[in-house]
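Student: Could you take one part of this predicted model and go through it closely, with the cut-offs stated as you use them? I would like a connected account rather than a list.

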Amino acid sequence: MFCRNCGKKLIGSPEICLNCGAKPLAGTNFCNGCGASTTPLTEICVKCGIRLAKAIEVSPKSRLAVTLLSVLPGCFGIAGVHRFYLGKIGTGIAMLLTLGGLGIWTLIDFIFAVSGRMKDKEDKVIENW
Ligand SMILES: [Zn+2]
Ligand SMILES: [Zn+2]
C-alpha cells in the first residue's frame, strides 16, 4: 500500500507511516492502492480504479463509558442509556420501549461497544477507552 499522506510505498499495512509519521490512511493526497495523487474529494482513484480508503474518525467519547452504560442499566431493566450518551436519542427511546429488543439488541450493542465498533451520532467510532 501507499501512504495517503506522503505517497511513499509502505510494506504491509502499518499503523504509522515510517516516512511522514502520519496514519497512512488518514491522508487524502495519494491513492493507497497505486500512489497516484488524489484530492480530498476523490472517492475512486482514476488510475487504478479502487475505492479510496476513508480515514476512520475516532469519537472523543469514552469506550469504557459506552460499554458500562450499555450493560449496567440493563441489569435493572433499563436499556438504551448508552445511546442517549452517544446522542442517538431516537434509537435510545426505541431501545427503552422495547427493553433493548428483549435484551438481544442490548447484547449486540454491548459487543459492538466493547470491541470498539460502536459509533456516535456523527458516525465516529468509539475507540478510545
Ligand atoms: Zn507518509
Ligand atoms: Zn490508485
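**From a salt bridge to the zinc sites**

Tutor: Arg 51 is exposed, its relative accessible area being 56%, where exposed means over 50%, buried under 20% and partly exposed in between, computed with a 1.4 Å probe on protein chains only. The model is a predicted one, in which local features need pLDDT of at least 70 and side-chain atom pairs count only at pLDDT 80 or more, while totals for chains, interfaces and linings use all residues. Side-chain values use heavy atoms, without hydrogens and water, residues are numbered from 1 along each chain as its sequence is written, and chains are lettered from A and ligands numbered from 1 in the order in which they are written.

The partner of Arg 51 is Glu 43, and their side chains meet in a salt bridge at 3.5 Å, N to O; the term requires a side-chain nitrogen of Lys or Arg within 4 Å of a carboxyl oxygen of Asp or Glu. Glu 43 itself counts as partly exposed, at 45% relative accessibility.

From there we can turn to the zinc ion (ligand 2), whose protein donors are the SG atoms of Cys 31, Cys 34, Cys 45 and Cys 48, lying 2.2 to 2.3 Å from the ion. Donors here are N, O and S atoms within 2.8 Å of the metal (3.2 Å for Na, K and Ca), and sites may look incomplete because water is not among the atoms. The four donor atoms subtend angles of 104 to 115 degrees around the zinc ion (ligand 2), which makes the arrangement tetrahedral, a label given to four donors if all angles lie between 85 and 135 degrees. Along the sequence, the donor residues of this ion are spaced C-x2-C-x10-C-x2-C. Both Cys 34 and Cys 48 lie in the segment before α1 (63-71), so the pair ties together parts that are 14 residues apart in sequence; helices are DSSP runs of H or I with at least four residues, numbered from the N terminus. Cys 48 counts as partly exposed because its relative accessibility is 35%.

The zinc ion (ligand 1) is coordinated by the SG atoms of Cys 3, Cys 6, Cys 17 and Cys 20, at 2.2 to 2.3 Å. Its site is tetrahedral, with angles of 106 to 116 degrees among the four donor atoms, and its donors follow the spacing C-x2-C-x10-C-x2-C along the chain. Cys 3 and Cys 17 lie in the segment before α1, so this pair ties together parts that are 14 residues apart in sequence. Cys 3 and Cys 17 are buried, whereas Cys 20, with a relative accessible area of 32%, is partly exposed.

Looking beyond the zinc sites, the structure holds three salt bridges. One of these joins the side chains of Asp 109 and Arg 83 at 2.8 Å, N to O. That pair links distant parts of the chain, with Asp 109 in helix α5 (residues 104-114) and Arg 83 in helix α2 (residues 81-85), 26 residues apart, and both Asp 109 and Arg 83 are buried. Glu 122 also forms a salt bridge, its partner being Lys 124, with the closest N and O atoms 3.5 Å apart.

As for spatial layout, Cys 20 and Met 95 are 75 residues apart in sequence and 45 Å apart in space, C-alpha to C-alpha.

Notes
Tetrahedral: all angles 85-135°; square planar, octahedral: opposite > 155°, others 65-115°. Helix = DSSP H or I, 4+ residues; strand = E, 2+ residues; numbered from the N terminus.
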